[in-house]
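Visitor: I have a protein on my screen and would like to go through it. Can we start with the rings?

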Amino acid sequence: MSSTLPPSKRMSGAPIRQWDGAMPILMSVTVLLMIVVELFRNGLHAPRNDEGASDHIAIMLMFGQVPIMFWFVATRRHSVSAILPTLVIQLSLWAITFASAVALT
């Protein structure tokens, strides 16, 4: 299935190599690494205190992904079958990161 855009307007390359395909994946991986570092430092029973800078950065990374994923789908530069694997990776990592953050709080 080809894209509805003319060849001059289509982006070349795999969707995961575009900024809006790769950025949510990198953002989720960053938050997962932040969670691993916190677990390594404090264990499963971290002391309850006010949110620190790392918590605020993680929140911005998590919810900053949502408009980027919407942009990735809405621009329709690639066919649906081409963006589906990248979108599944993006949404899976986002769900895993969100679930692990909720489970550890």
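Visitor: How many aromatic pairs does a search of the whole structure find?
Guide: The search finds three aromatic pairs. Rings of Phe, Tyr and Trp (its six-membered ring) pair if their centres lie within 6.5 Å; planes under 30 degrees apart count as stacked, over 60 as edge-to-face and the rest as tilted. This is a predicted model: local features need pLDDT of at least 70, side-chain atom pairs count only at pLDDT 80 or more, and totals for chains, interfaces and linings use all residues. Residues are numbered from 1 along each chain as its sequence is written, and side-chain values use heavy atoms, with hydrogens and water left out.

Visitor: What kind of pair do F63 and F98 form?
Guide: An edge-to-face one, 6.3 Å centre to centre with 80° between the planes. F63 lies in helix 2 (residues 53-74) and F98 in helix 3 (residues 80-103), so the pair ties together parts that are 35 residues apart in sequence. Helices (H or I, at least four residues) and strands (E, at least two) are DSSP runs, numbered from the N terminus.

Visitor: Are those two buried or exposed?
Guide: F63 is partly exposed at 47% relative accessibility, and F98 is partly exposed at 35%. Buried means under 20% relative accessible area, exposed over 50%, and partly exposed in between (1.4 Å probe, protein chains only).

Visitor: And what about W94 and F98?
Guide: They form a stacked pair, 5.2 Å centre to centre with 5° between the planes. Both lie in helix 3, four residues apart, which is about one turn of the helix. F63, W94 and F98 form one aromatic cluster.

Visitor: New topic. How many helices and strands are there?
Guide: Three helices and zero strands. Along the sequence, the pattern reads α-α-α.

Visitor: What share of the residues is buried?
Guide: Of the 105 residues, 27% count as buried.

Visitor: And the surface, how much is accessible?
Guide: About 7,100 Å², with 72% of it belonging to carbon and sulfur atoms. Accessible areas come from the Shrake-Rupley method with a 1.4 Å probe; for residues, only the protein chains shown count as cover.

Visitor: Which residues form the nonpolar patch there?
Guide: W19, M23, L26 and W71, with about 450 Å² of accessible area together. Patches are made of residues with over 30% relative accessible area and no salt bridge (a side-chain nitrogen of Lys or Arg within 4 Å of a carboxyl oxygen of Asp or Glu). Like charges are joined within 9 Å, nonpolar side chains (Val, Leu, Ile, Met, Phe, Trp, Tyr) within 5 Å.

Visitor: Which helix gives the most to it?
Guide: Helix 1 (residues 19-42), with three residues. L26 lies in helix 1.
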